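Hi,

Here is the structure I promised to pass on. Have a look at it first, and then read on for what turned up.

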Amino acid sequence: MKKRVAAFCSHGGSNFAAIADAAARGEIPIEVAVMVHNNARAGAKQKAQARGIPTEWIPRKTFADETAYTQRLMQVLDRYGIDIVALAGFMQLVPSELLRRYEGKVTNIHPALLPLFGGRGFYGMKVHEAVFASGMKVSGPTVHLVDEQYDHGPILMQRAIAIDDCKCPEEIASLVLAEEHKIYPETLGLLAQGRFQVNGRRAFINVLS
Ligand code: GRF
């Protein structure tokens, strides 16, 4: 039985597209049922339309308060019968009530090896610029469960890639993004199969018997 996923995006949506395409190819047991965006000009919108995936524009600033915003998000998740919420370049904190209702089912991808280079202010190229300046020899994406702090919940998957040869932050960004497009669909596939066991901050992948 496929799990129904809502992708939440603010920008280009390349991760959303990678997830939707892996699902459409039958590589993972999910269906991307809706793409929610908070930015009218998000490139993710065109990518959703091209794939026949419904879109919902839900910008936080058009709601009087957090309660009204949360209600609208919940309504949409209910309408599409959503099991898993995958943040994919979503530049907005998710309401606590939604996190409680979808406990262990809201994921995010971050373009660095958390807990390094994460948290408020670490987004987009700022992450890769900081990694480049640090002199680190490896970087890579982290997929984690979402809690009420930026880039903080238990880590589900991480993949380190060598960046020794990178001459600028942009090169790191492109290597990491290519890896994001593999690791995010894989992680969602495992989550959909109930393969993660979370114990405090540690998540284990159960081996199939
Ligand atoms: C990715 O680098 C992701 O790690 C971060 O935001 C970026 C989104 O890119 N959270 P895209 O919109 O998926 O192309």
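Arg60 and Glu66 make a salt bridge, with their closest N and O atoms 3.1 Å apart. Keep in mind as you read that this is a predicted model. Arg60 has a relative accessible area of 22%, so it counts as partly exposed. Glu66 is partly exposed too, because its relative accessible area is 37%.

That pair is part of a longer list: the count comes to 10 salt bridges. Here are some others to click through.

Start with Arg51 and Asp21, where the closest N and O atoms are 2.7 Å apart. This salt bridge ties together distant parts of the chain, since the two residues are 30 apart. Asp21 belongs to helix H1 (residues 14-24), while Arg51 sits in the loop between helix H2 (43-50) and strand E3 (55-57). As for exposure, Arg51 comes out at 33% relative accessible area and is therefore partly exposed. Asp21 is at 26%, which again means partly exposed.

Next, go to helix H6, which covers residues 169-192. Glu179 and Lys182 form a salt bridge there, at 3.7 Å from N to O. They are 3 residues apart in the helix, so about one helical turn separates them. Is each partner buried or partly exposed? Glu179 has 11% relative accessibility, under the 20% cut-off, so it counts as buried. Lys182, at 48%, counts as partly exposed. The pair also has company: Arg159, Glu179, Lys182 and Glu186 are linked in a network of salt bridges.

Last, a residue I'd look at separately: Thr142, in strand E7 (residues 142-145). Where does its relative accessibility put Thr142, buried or exposed? At 0%, Thr142 counts as buried, because buried here means under 20%. Which residue does the side chain of Thr142 join in a polar contact of 3.0 Å? The partner is the side chain of Gln158.

Leaving aside residues up to four places away in sequence, here is what Thr142 touches, split up for easier viewing:

- Asn108, Ile109 and His110 are among them
- Ala112, Leu113 and Leu114 are also included
- Ile155, Met157 and Gln158 are on the list as well

Gln158 therefore turns up twice for Thr142, as a residue it touches and as its polar partner.

If you only have a minute, open Thr142 with Gln158, and then the network of Arg159, Glu179, Lys182 and Glu186.

Cheers

Key: Residues are numbered from 1 along each chain as its sequence is written. This is a predicted model: local features need pLDDT of at least 70, side-chain atom pairs count only at pLDDT 80 or more; totals for chains, interfaces and linings use all residues. Side-chain values use heavy atoms; hydrogens and water are left out. Helices (H or I, at least four residues) and strands (E, at least two) are DSSP runs, numbered from the N terminus. Buried means under 20% relative accessible area, exposed over 50%, partly exposed in between (1.4 Å probe, protein chains only). A polar contact is a pair of N or O atoms within 3.5 Å; within protein, one must be able to donate a hydrogen and the other to accept it, and residues adjacent in sequence count only if both atoms are side-chain atoms. Contact means heavy atoms within 4.5 Å. A salt bridge is a side-chain nitrogen of Lys or Arg within 4 Å of a carboxyl oxygen of Asp or Glu.
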